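Me: Could you take a close look at one part of this model for me? I'd like to understand how the domains of one chain sit against each other, and what lies just beyond that contact.

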Amino acid sequence: MNPLYVELQWLPRAAANFSQRLKDLPNSQGPLGTEIQSLARSFLDLNQLTKLAKFIDRARNAHKSLEPLTPFRLAVISNSTVDLIVPALVGSAARRGIALEVIQSSYDQVAQEALIPDSKVNTSNADAVLFALDYRALPLRISLGDREASSATVQGVIEYLDVLRKGIEENSKAVCIFQTLAPPVEPIFGNLDGTLPGTLRNLIDCINRELNDFVIGSGCVLLDVAALAGTVGLADWHNPHLWNLAKFPFSDELIPLYSDHVARTLAAIRGKSGKVLVLDLDNTLWSGVIGDDGMEGIQVAQGDSRGEAHLAVQRLALDLRQRGIVLAVSSKNTDAVAREPFLKHPDMLLKLDHIAVFQANWEDKATNIKAIAEELSLGLDTLVFLDDNPMERGLIRELLPQVAVPELPDDPAYYARTLAAGGYFETVAFVTEDLKRAGLYQDNAKRTSLQKQVGGVDAYLASLDMTISFSPFNATGRARIVQLINKSNQYNLTTRRYTDPEIAAAENDPSVFTLQTRLSDLFGDNGMISVVICRPGAPGTWEIDTWLMSCRVLGRKVEHMVLREIVDQARAADIAELVGIYKPTERNRIVADHYPKLGFARTFEGALGETRWSLLVDEAKLENVPMRILSEGFRRDEANQRV
Amino acid sequence: MDEPEIYARLATIFENVFDEETIQLSPELSANDVEGWDSLTHIRLMLTIEKAFRTKFSTSDIGNLKNVGDLVALIKART
């Protein structure tokens, strides 16, 4: 079975101690409904969904408030066994902000429940009735090759469903949800099953098409089970063993998926659908980092396999925009640098005027995304945030839990499919006004100002369990060091380029201080993220010849930790003063305040903007950032002098 | 797989499937002894066991189980 769908891989995995967390819920700080929804936002298997449902039922029976979840009563009528599905519906609905109560009707009493005025369903005060019927529930007469009879059969089915609908309408205020039919797997003919009138497959195809018109015309809601079954594969959807054993309508492994789809539909009925797609840029909309790789370096072309993957994301975003979803950007980049591909790259599909709000800066994304929501006057719970970086996804899930953040797989080729599979933008109706909605936000790629920083960012960073590792240049790191030295443009103080032999020489020169820095965290190894070279200047001073950093880890105060290590090593080498140099280029404006931020004092400013800075080692006020520090390979002789 | 290991893994499975805190598994334990162990929960339990032990049970396999002891013997035979 396809794990993307079976395991709902757009959802993060549940915590290992799910049962314990569920038990601890009544003691948590926030409102119960919020805590329940938070637990439900991970992938939960059938057993976990069942436990969550029981918890919700008990809380409701004990008259505990489930706010802010929206209450919803759903009656389920089926020709099959839905007992195991019902709790999964309750657990999954919580994911979408709904406190669901299910009224389960008696097994295979479809017509009775719909038509009898005092049936369990008709007296249940339900908000909606789900007719969970499969093809076995319907009067299907095989009439091979007989177009007239086949047409009559199809009409008969639609009329039957309409009778059911009227029964509900006359006796309650519930809206009816009808499912399309998953055809059986076994062909009778083979090639002709689909097109020859009157075969089972052909009847079902015709019914599914007619169902669409019937549902729209009568104000009902459609749940497209045929599409869902087709997506996972009919052979995996249908399970003869379970049908024979206990009349299960489909494989038990697909209960979480089916339930999530029902939950999306209920949420859409309540108007709780995604309205905004907030997009990261680097390695999400294109392959590469625009600040470091430049326009020539990013991949977004057709014909390039990485570029195609990201183009598919852009295409999906454009398609969503066309149906009324608003697009926004949240990127850690200099604004002008981030806008450049939209303006000038010939392979970009997305243009600036497709984007309603464009936030590219070096502040944290939680503060930025909150500002986007406020600018659009839309609730955070209507936002969906797409970012390849698990650290950013974790930040938003932690600090802005109402924002939907899909997990993404390692392979960008599956980004578009994963976002689409998440069903964040499910809707029950489409009107022509939707076509114009995105434009109503006046897509002028507006840059909105940031208010107060969203609280909790520092605490989140501290929870990342970061380890920073320092060592001198060595042969193993050399290739990467040379690569970084030659391709870094943004966070690069002097943009000095060196060849491999020149770096090897620096490695072996005892008067030159070299530093390579690696960073790892909860999400994995970020690799080498900084390169520093200090050369002897005036006696007792080091001139910082090279200082560059990877843009990927900015905002975590890593530069403070690097300075701390330089200062430690300088002290050990009897160096009293560090001299910083900034050579401005077109690309490195963001580091103009790197040295003053670290406590250096300016000593010189040249005509072309070059600046020099000084820090006395003994007076350095070093900020401490919570992370583990490893420092290895710096050789000392007996007097602790650097060798 | 030996019986102590089967019992250990079953203990986790029972915790996941049932609402009760800790169910003491013994060979004599049966559906009568555990609250909520009805026919449909039994199906959910068997499906969970199938996946955990990577095996499949036939209808007749399941029909002949009277207690946890029978279940453990069945799992041992199939793994």
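**Where two domains meet**

Reply: Happy to walk you through this. In this predicted model, the C-alpha centres of domain 1 of chain A and domain 2 of chain A lie 32 Å apart. The domain assignment places domain 1 at 3–269 and domain 2 at 276–461, with domain 3 covering 464–631 of chain A.

Across the boundary, 14 residues of domain 1 of chain A are in contact with 12 residues of domain 2 of chain A. On the domain 1 side, helix 1 (3–6) and helix 12 (255–269) of chain A each supply at least two residues. Helix 12 of chain A gives the most to that side, with 5 residues. By class, the side of domain 1 that touches domain 2 has 8 nonpolar, 5 polar and 1 charged residues.

Now for the strands of chain A. Strand 6 of chain A covers residues 276–279, and domain 2 of chain A starts at 276. Strand 6 belongs to an open sheet of 4 strands in the order 8-7-6-9, with parallel pairing. The edges are strand 8 (357–361) and strand 9 (383–386) of chain A, each of which pairs on one side only. From one strand to the next, the twist averages 15 degrees. Strand 6 is joined to strand 9 of chain A by 4 bridges, and V276(A) stands opposite L383(A) in strand 9.

Definitions and conventions. Residues are numbered from 1 along each chain as its sequence is written. Chains are lettered from A and ligands numbered from 1 in the order in which they are written. This is a predicted model: local features need pLDDT of at least 70, side-chain atom pairs count only at pLDDT 80 or more; totals for chains, interfaces and linings use all residues. Two strands pair if DSSP finds at least two bridges between them. Axes are lines fitted to C-alpha atoms, for helices over the stretch in contact, and angles run from 0 to 180 degrees between N-to-C directions. Domain bounds come from an automatic or database domain assignment. Two residues are in contact if their C-beta atoms, placed from the backbone, lie within 7 Å. Ala, Val, Leu, Ile, Met, Phe, Trp, Tyr, Cys and Pro count as nonpolar, Asp, Glu, Lys and Arg as charged, and the others, Gly among them, as polar.
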